[in-house]
Amino acid sequence: MIGVDIGTTSAKAVLYAKDGTVIANHGIEYPLYSPTPETAEQSPEEIFRAVINTIKKTMQESLVNPKDILCVSFSSVMHSVIAVDKEGKPLTECITWADNRSSDWVEKIKTKMNGHEIYLRTGTPIHPMSPLAKLVWLQHDYSELFLKSYKFISIKEYIFFKLFGEYVIDYSIASSTGLFNIFSLTWDQEALKVAGVTSDQLSKPVPTTHKMSGLNEAFAKEMNLLPSTPFIVGAGDGVLSSLGVNAIEPGVVAVTIGTSGAIRAVSDRPITDPKERIFCYALTENHWVIGGAVNNGGMIFRWAKEQLGDSIAAAAKRLGKDPYDVLTEIADRVTPGSDGLLFLPYLAGERAPLWDSNARGSFFGLGMHHKKEHLIRAVLEGVIFNLYTVLLALSELIGEPQKIHATGGFARSELWRQMMADIFNHDVYIPESIESSCLGAAILGLYSLGEVDSLHVVSGMVGATFHHTPNSENVSIYKDLTPIYIRSSRLIQQEYESIASFQKKWV
């Protein structure tokens with residue numbers, strides 16, 4: 001089976017044997033266009049071509065006979081919006097989750113359009129990432145474009161329409177729009193009214209196990225697949241990542257730190273939060289993924305490398321070393337807690353736990369005794385502290401985690417892995433599977449076809465690469481710092497809008 005992940009920065013395809021063994025894989029990157037600080041768009045056609053070519057390359061490298069492909073199953077990034085005409089041609093670029101141009105409408109939706117009640121039914125926090133907010137923005141700020149749009153779809157819907165000529169949206173992607181009632185599994189009428197659209201302007205909601213047939217013959221030939229190959233519509237990348245790291249049992253929490261980050265757990269029913277701190281998205285009708293995504297993950301370490309460690313990175317390159325390895329070695333020389341230096345990592349606004357696109361980053365506690373290595377370590381700790389506050393909110397709703405599975409690019413750093421165990425005060429397990437969303441998609445495909453009886457088959461496909469236990473001395477230090485981190489991040493929040501307004505005006 002082939003698991004395909006349509007990600008924020010690239011499309012990936014992994015061909016698996018039925019036991020989860022990787023036979024071949026390929027990935028193709030595509031650009032993100034940001035002509036203004038608030039804009040984050042991509043070309044739908046560039047992404048479509050990347051999907052076609054990554055499947056094609058994977059098939060070529062595998063040498064597998066097309067008739068032996070059981071299915072192709074999809075994972076996809078959430079929260080995207082594309083306006084299309086009656087022929088399915090894009091009238092806009094793909095407006096991604098990272099696009100903040102709808103930020104001025106978010107507070108109005110919350111305070112004047114019954115946003116809180118809409119969240120409680122849809123499970124998507126009111127935030128610029130949400131297609132609900134994007135549609136309100138388009139409706140009011142680009143009314144001419146809005147009125148001539150035939151449908152509003154996500155990037156996965158665009159790809160499936162081109163492959164099959166039909167508009168469908170899986171329950172998972174639908175549940176991340178802010179327009180979908182997660183309790184009735186239907187479009188929410190009040191949310192549609194706020195967004196200014198009808199259900200006819202959206203795709204038909206289907207289960208994540210929905211099987212598509214009648215693949216376009218030209219594209220089938222290009223991908224070296226049979227036109228009869230079943231395509232499984234699949235789910236969102238975050239929920240499939242939880243499946244792909246075997247975090248679907250009660251009490252098991254999945255933590256991901258890639259470019260951004262997230263904490264997720266699986267429930268047997270939809271759950272929303274009266275304080276609006278967490279999301280709730282569908283995996284299947286019996287599996288609901290709740291948690292919080294953060295904007296500021298590995299991208300913050302990259303910022304630190306570029307702004308604080310440029311000379312170190314240059315020296316590492318000359319020596320043939322990975323700059324990130326050198327930076328973590330330097331940070332490891334500093335005492336846990338960075339000698340009283342905290343970093344609020346909100347360089348790209350923030351989703352969970354603040355849900356504030358105006359949030360900005362800062363160092364707190366900076367003194368004359370602090371050096372560059374303290375700043376670097378504080379940056380790494382700040383990312384984990386922020387994720388821990390999301391875990392605290394999640395724990396209020398579902399109880400304390402019994403086991404933590406962590407994955408993503410951060411897992412390459414032993415220091416960062418141990419830091420998570422110490423700040424969370426919990427054992428942390430790192431699964432072997434790298435492309436967890438692709439594996440999750442492939443397993444969902446097997447389940448859809450009846451090849452397996454349960455999603456729990458994943459337990460036999462995911463091993464543990466690393467296991468970290470908390471260091472008691474470090475835990476004591478972090479326990480003293482955690483409440484200071486939480487209070488400082490909340491106290492300064494009242495000024496985020498002021499500094500963001502200044503930056504929009506003068507920067």
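**Arginine 264 and strand β18**

Arginine 264 is buried (under 20% relative accessible area with a 1.4 Å probe, protein chains only; over 50% would be exposed, and in between partly exposed), yet it has no salt bridge: the nearest side chain of opposite charge, aspartate 237, sits 5.6 Å away. A salt bridge here needs a side-chain nitrogen of Lys or Arg within 4 Å of a carboxyl oxygen of Asp or Glu. For charge, Lys and Arg count as positive and Asp and Glu as negative, with His and the chain ends not counted.

Bear in mind that this is a predicted model, where local features need pLDDT of at least 70 and side-chain atom pairs count only at pLDDT 80 or more, while totals for chains, interfaces and linings use all residues. Residues are numbered from 1 along each chain as its sequence is written, and side-chain values use heavy atoms, leaving out hydrogens and water.

So what does the side chain of arginine 264 reach? It gets to the backbone oxygen of glycine 238 at 3.3 Å, and it makes a polar contact of 3.4 Å with the side chain of threonine 256. A polar contact is a pair of N or O atoms within 3.5 Å; within protein, one must be able to donate a hydrogen and the other to accept it, and residues adjacent in sequence count only if both atoms are side-chain atoms.

Now for the strands. Arginine 264 belongs to β16, and its bridge partner in β18 is glycine 291. Strands (E, at least two residues) are DSSP runs numbered from the N terminus, and two of them pair if DSSP finds at least two bridges between them. β16 (residues 261–267) runs antiparallel to β18, with seven bridges. β17 (residues 279–284) is also antiparallel to β18, with five bridges, and a hairpin of two residues joins β17 to β18.

Eight of the eight residues of β18 (residues 287–294) are buried.

Conventions:
Helices (H or I, at least four residues) and strands (E, at least two) are DSSP runs, numbered from the N terminus.
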